[in-house]
Amino acid sequence: MLVKVFGSAVFGVEATTITVEVNIDKGIGYHLVGLPDSAIKESSYRIAAVLKNNGYQLPGKKITINMAPADLRKEGSAYDLTLAVGILAASSQIKSEDIHNYVIMGELSLDGGLQPIKGALSIAIKAKEEGFKGLILPFQNVKEAAIVAGLDVYGVENVLQVINFFEGKSDLIPTTIDTKEEFNKTLDFPEHDFSDVKGQEGIKRCMEIAAAGGHNIILIGPPGSGKTMLAKRLPSILPPMTMREALETTKIHSVAGKTKDVGLMAQRPFRSPHHTASSVSLVGGGSYPQPGEISLAHNGVLFLDELPEFKREVLEVMRQPLEDREVTISRAKFTITYPSSFMLVASMNPSPGGYFNDPNAPVSSSPMEMQRYLSKISGPLLDRIDIHIEVTPVPFEKLTETRKAESSTEIRKRVTKAREIQSHRFENNEYIHYNAQMSSKLIREFCILDEVSLQLLKTAMERLNLSARAYDRILKVARTIADLEASEAIQSHHIAEAIQYRSLDREGWLG
């Protein structure tokens, strides 16, 4: 008897429906074809034990299973439940009339329990697109899959629940999620708040500009000046995610297997990889490609602490994703693209010893050592960072102040207003949502300068020997400063402030 059961394979952040054809005939043997990997080939041992432990049996006949399309590589143990149900149906141990209406996925334990799978949200979206009645998957993944409206999503804890459902002995209740309610579960009181930061008003202003326009920022200062403290508080002033952003972000984290028992991700991600991270862990890839840190930070913040301590080749692989806001991983047989539209926040000491231009600190590094230290970060990478700001130590008087600083909630209101202006400006551009994403063409359209501003920028370009990319960055930052003031036109003081935020472009920065 031949039976068709449906599963799903995830490539990148998109799913592809897999047809599992199970044929049982006279003879003996177990043949699994259609480019399965080792984990799928091993499933026969798990399935045999599961069926025996639950009162069923693996038929003592010739079992041939084809996973179509046969030229697409299938990976992982998530097909255990699909194969087990197919074998039971093909051997007439359960009814098979309704099986073709469902996508079935799950990894089996030997007692019949189900383990969570990766990519449940992508699988649910594809199942709805292709007109399936429902999706059956492990209970731990049900929240994220149930985000998809118009599809019955059943979370099951063991194989017997699935068998009884198809046999008509018991009903499964589909899980429903109120997406709006799930989406609105935002934190009104963030764990890290800008009201905790003493002094550093100029740096807070930079952070506000960076958040308002989605600009990349680098903080340069001695140890203990508050660089990490400020970076950790940046997500608290970013505007709330839109529904589209929340779905995109959840999909990536689902593919990476980081959304167990979590529905829709309403909080912007904050990723902070250690400086020993490899290039593959940062941008994604591997023999079975997975999203890297830059994709997990999509629609959020990627914080690289002690930037010069990262290997140079690791930092260089970020140059293209920073520009294109996506990363493409190519292999001989397939190409995968992951979105990676993130805000880069980097921090670094100005010298190997940590101190520089500080009269109270001992000078432990020679100018040559400092130059070598700074040269670990290439010019093209720095060009892609819009705002460079020096962080100075907080004086004692500021540290002991009892007055509360401005809270993240207040700053976020101004940031959100500026983002709303940008959303309105780019409403006809599907892929542009804030100033940092502007192309050269859009810069020419929305960053028109008067004569005074133009002359000011020309002088700065000549004196600081800035690149064409740095010119674009200054205009983008100036546009954001104008938006924070709700100014229609970019004025000379907006340009002047934006030029100040290019510290590392200045010749003789090492003094």
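User: What share of the 511 residues in this protein counts as buried, and what makes a residue buried or exposed?

Analyst: The share is 53% of the 511 residues. A residue is buried under 20% relative accessible area, exposed over 50% and partly exposed in between, with a 1.4 Å probe and protein chains only. This is a predicted model, where local features need pLDDT of at least 70 and side-chain atom pairs count only at pLDDT 80 or more, while totals for chains, interfaces and linings use all residues. Residues are numbered from 1 along each chain as its sequence is written, and side-chain values use heavy atoms, leaving out hydrogens and water.

User: How many helices and strands are there, and how do you know where to start numbering them?

Analyst: There are 22 helices and 18 strands. Both are DSSP runs numbered from the N terminus: helices are H or I with at least four residues, strands are E with at least two.

User: Why are tyrosine 102 and phenylalanine 165 called an edge-to-face pair?

Analyst: Rings of Phe, Tyr and Trp (its six-membered ring) pair if their centres lie within 6.5 Å; planes under 30 degrees apart are stacked, over 60 edge-to-face, and the rest tilted. By this rule the protein has eight aromatic pairs. In one of them, tyrosine 102 and phenylalanine 165 are 5.6 Å apart centre to centre, with 85 degrees between the planes, so they meet the distance limit and the edge-to-face angle.

User: What makes this pair a link between parts that are apart in sequence?

Analyst: Tyrosine 102 belongs to strand 5 (residues 102–104) and phenylalanine 165 to helix 6 (residues 159–167), so the pair ties together parts 63 residues apart. Ring pairs also join Tyr102, Phe165, Tyr154 and Phe166 into a cluster.

User: Are these two residues buried or exposed?

Analyst: Tyrosine 102 has 1% relative accessibility, so it counts as buried. Phenylalanine 165, at 14%, is buried as well. In helix 6, the buried residues are Val159, Val162, Ile163, Phe165, Phe166 and Glu167.

User: What covers the buried residues of helix 6, and what is found at its two ends?

Analyst: The cover includes helix 2 (43–53), helix 3 (80–90), strand 5, strand 6 (107–108), strand 8 (134–138) and strand 9 (152–156). At the start of helix 6, a side-chain oxygen of asparagine 158 comes within 3.1 Å of the backbone nitrogen of leucine 160. Just after helix 6, glycine 168 has a positive phi of about 80 degrees.

User: How do you know that a charge sits over the ring of phenylalanine 426?

Analyst: The rule asks for NZ of Lys or CZ of Arg within 6 Å of the ring centre and within 35 degrees of the ring normal. The charged end of arginine 425 is 5.8 Å from the centre of the phenylalanine 426 ring and sits over it. Arginine 425 also has its charged end over the ring of phenylalanine 446, 6.0 Å from the centre.

User: Why is serine 92 called exposed, and what about asparagine 299?

Analyst: Serine 92 has 55% relative accessibility, so it counts as exposed. Asparagine 299 has a relative accessible area of 10%, and therefore is buried. Phi is positive in serine 92, near 60 degrees, and in asparagine 299, about 65 degrees. Serine 92 lies in the loop between helix 3 and strand 5, while asparagine 299 is in the loop between helix 12 (293–296) and strand 14 (301–304).

User: Which residues does alanine 90 of helix 3 contact?

Analyst: Contact means heavy atoms within 4.5 Å. Leaving aside neighbours within four places in sequence, alanine 90 touches Met1, Val3, Val22 and Ile24. At 3% relative accessibility, alanine 90 counts as buried.

User: Why are strands 11 and 18 called edge strands?

Analyst: Two strands pair if DSSP finds at least two bridges between them. The open sheet of five strands runs 11-14-17-10-18, with parallel pairing. Strand 11 (270–271) and strand 18 (387–390) each have a single partner strand, so one side of each has no neighbour in the sheet. Strand 11 pairs with strand 14 over two bridges, in the parallel sense, and phenylalanine 270 stands opposite valine 301 in strand 14.

Definitions and conventions: Polar contact = N/O pair within 3.5 Å; in protein donor to acceptor, adjacent residues only side chain to side chain.
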